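Let's walk through this structure together, one chain at a time, and then look at how the chains meet. Keep the 3D view open as you read.

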Amino acid sequence: MAITTANPRIRRRLGRAARTPYLLIAPAVIAMLGFLVYPMASVIYYSLQTYNVTKPWDNGFAGLDNFRRLLFEDPLFWQSLGFSLKWVGVEVFLQLVFGLVLALIVNETFVGRGLARATVFSPWAVSGVLTTGIWILLYNPTTGVSRYLADLGLMQYGAAPLAGPDTVFWAAVLAELWRGVPFFAILLLADLQSISKELYEAASVDGASRVRRFVHITLPHLKDAIILSTLLRCVWEFNNVDLLYTLTGGGPAHATTTLPLYVAAKAVQSHDFGYGSALTTAAFLILTFFSIAYLRLSRFGAKS
Amino acid sequence: MTLQTAERPHLAPSALAPRTGRKEKGKVGRWEIWVPLGLYLLFTLVPFYWMLVFAFRPRGSASLLPWPITFDNFATVWNDLSFAVFFKNSLMVGVASLVMTTVVALAGGYALARYEFRGRKLFMVGMLCTQFIPGAMMLIPLFEIFRVLGLVNSLWSLVIAETVFQLPLSLILISGFIRNVPVELEQAAWVDGCGRLRGFFAVVLPLLRPALVAVGSFAFIHSWNNFLFALMFVSEQEKFTVPVGLAYTLGEFSVDFGALAAGGVVAAVPVVLVFAVIQRYLVQGMSAGAVKG
């Protein structure tokens, strides 16, 4: 944004200010170089090394050996990557659908709207660990909802969704949905509010049904917000480990281990930092390629 | 969504005549709002309610009402499980992250919004790229850095890590907001003899309140909720934060559900309070700052 102005006083101030923007961004740049870029670079460096704290005599340059191991000898890498994709796909899809519906509802005018918004958005502020705590109460066979339903004769006693390999996935999905939907609802509501009411009025005067107005006015307007929020959410859900770490611990039998959970376990428990770094680098590359491809394919920012 | 015929003289009532006498096409009915909303409210509130019941009802009770009400669980959690200490730690980390994130993002956001400088594009792209860095996977190198700096087991490690991960989005959000403040307002202040700095504080800053509230509360809530950094960088119990303490109550072999629920309430109260105050700004802040970039 070039500021052009005839006022000499202002022009002098702008000219003198050549250094100012650099001083202003310096704290942010230094912080990010020191605590994001440098650590990332060191991860890439270690991914090419054999680096195990417990076996220092083996340490040294390893070339691409860690990556060979990862691609060809480690079934858990592929399994956790597969689970990550399933987890992210299901979670983000459901969060988007419910979040969009929720945003459309609380965008209408009705009595008590402010309170309804505050309430349905509130799980957004809750941490993964707290979500786990709450849902453990709800899922536990003796303290949970199922026990009270069984008291009413509506189901059998002893349902333990977190213990069964078949049910644990959906149990975790539901808990994460509870605190994930508000993210989409908040972002999409913000964007919905910027649609001019006149568009809708004109369309309904022309006799367009509600569905047609949604498809032809609302969705095109929301397109960029949907693309951006789903992308941010995919990355976030991929990286986020709090809930699964505390709710299932990745189990039973690695059934809910995502790639980051696997990395954390590998690095922390076996002290194999070299291999852990290779896993990290792989995850970073996957995320970056996915994000670029997603933005390209979805034609983000393109005028429809 | 009713048509305001009075304000639209070109829409003569005759044009709408065929419509009168039946329900306006596409109007959203009351039950169409309240049935799905009611169901969703149930989904939102039952978990919260469950936590409150377990926190406030006596041990061994199977009632679904927190009655007779007891504060024993809170006494256990606050004193015996040292949540009082965790709470103080979380509060300090949260406030420090809030201040650092807001100040650094404000400076950088102003530069992005108001100056054209070499490397501006690179800076923007770099910040977006940081969003793809898996935070969970930075644990090892960050731990190494904090070890060298002597910050392991210090709450500062959490403040720094939190601030750094919050910065990029905060900065972009704030710069979007500053861009919406007409530059002429500032120029008027300069002409009146203000320096850039005074002009900024007198003219721009007051207009940024929604953005600052959004960014600051983001930073506070994220830092209050952060689990992984706190778990990895801090191992002395007197430096634990609330989520770590909560995770330990989960990890016991025989979980004390009353204590777990009471700990959950302690963890929830500050963020839910902050959220209740800021949620209106949140939507405003998003619509003005984000996406438009």
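Chain A has 13 helices and 2 strands. Bear in mind throughout that this is a predicted model. The C-alpha trace of chain A spans about 75 × 70 × 30 Å along its principal axes. Its radius of gyration is 25 Å, whereas a compact globule of 304 residues would come out near 19 Å. Of those 304 residues in chain A, 39% count as buried. If you look at contacts in chain A between residues at least 6 apart in sequence, 66% of them join residues at least 24 apart.

A good helix to pick out in chain A is α6, residues 128–139. Its 12 residues, at 1.5 Å a residue, should span 16 Å, and because its end C-alpha atoms are 16 Å apart, the model agrees with that expectation. How many of the residues of α6(A) are buried? The count is 11 of 12, so this helix is mostly covered. Among the buried residues are A:G128, A:W135 and A:Y139, along with a run that includes A:V129, A:L130, A:T131 and A:T132.

Now turn to chain B. Here there are 13 helices and 0 strands, so reading from the N terminus you meet α elements and nothing else. Buried residues make up 44% of the 293 residues in chain B. Of the contacts in chain B with a separation of 6 or more, 77% are between residues 24 or more positions apart.

Chain B is divided into domain 1, residues 26–70, and domain 2, residues 76–289. Taken over C-alpha atoms, the centres of these two domains of chain B are 30 Å apart. Where they touch, 5 residues of domain 1 of chain B are in contact with 6 residues of domain 2 of chain B. On the domain 1 side, that contact has 4 nonpolar, no polar and 1 charged residues.

Two loops of chain B deserve a stop for their backbone geometry. Most residues other than glycine have a negative phi. B:S82, however, has a positive phi near 55° and is not a glycine. You will find B:S82 in the loop between α3 (72–80) and α4 (83–114) of chain B. Is B:S82 exposed, partly exposed or buried? It has 16 C-beta neighbours inside 10 Å, and therefore counts as partly exposed. The other case is B:N153, again not a glycine, with a positive phi of about 70°. B:N153 is in the loop between α6 (139–148) and α7 (155–180) of chain B. With 14 C-beta neighbours inside 10 Å, B:N153 counts as partly exposed too.

Two helix positions in chain B are also worth finding. B:L197 lies in helix α9, residues 196–207, of chain B. Why does B:L197 count as exposed? The reason is that 8 other C-beta atoms lie within 10 Å of B:L197, and a residue is exposed if that number is 12 or fewer. From B:L197 to B:S90 there are 107 residues in sequence and 33 Å in space, C-alpha to C-alpha. Next, B:H222 is in helix α10, residues 209–225, of chain B. B:H222 has 19 C-beta neighbours inside 10 Å, so B:H222 counts as partly exposed; a buried residue needs 20 or more. Leaving out residues up to four places away in sequence, B:H222 touches B:E162 and B:Q166. B:H222 and B:Y115 are 107 residues apart along the chain, and 30 Å separate their C-alpha atoms.

Finally, bring the two chains together. Here 77 residues of chain B are in contact with 88 residues of chain A. Which helix gives the largest share of the chain B side? That is helix α13, residues 257–289, of chain B, with 15 residues. By class, the chain B side has 62 nonpolar, 12 polar and 3 charged residues.

The largest nonpolar core has 153 residues, and those that touch the most other members are A:A185, A:L188, A:L279, B:L139, B:I174 and B:V215. This core draws at least three residues from each of domain 1 and domain 2 of chain B. To see one of these members in its setting, centre your view on B:L139: not counting residues up to four places away in sequence, B:L139 touches A:A264, B:L228 and B:M232.

Methods
Residues are numbered from 1 along each chain as its sequence is written. Chains are lettered from A and ligands numbered from 1 in the order in which they are written. This is a predicted model: local features need pLDDT of at least 70, side-chain atom pairs count only at pLDDT 80 or more; totals for chains, interfaces and linings use all residues. Two residues are in contact if their C-beta atoms, placed from the backbone, lie within 7 Å. Helices (H or I, at least four residues) and strands (E, at least two) are DSSP runs, numbered from the N terminus. Ala, Val, Leu, Ile, Met, Phe, Trp, Tyr, Cys and Pro count as nonpolar, Asp, Glu, Lys and Arg as charged, and the others, Gly among them, as polar. A nonpolar core is a set of buried Ala, Val, Leu, Ile, Met, Phe, Trp, Tyr and Cys residues joined through C-beta atoms within 7 Å. Domain bounds come from an automatic or database domain assignment. The radius of gyration is taken over C-alpha atoms; the globule rule is 2.2 Å times the number of residues to the power 0.38. The expected span of a helix is 1.5 Å times one less than its number of residues.
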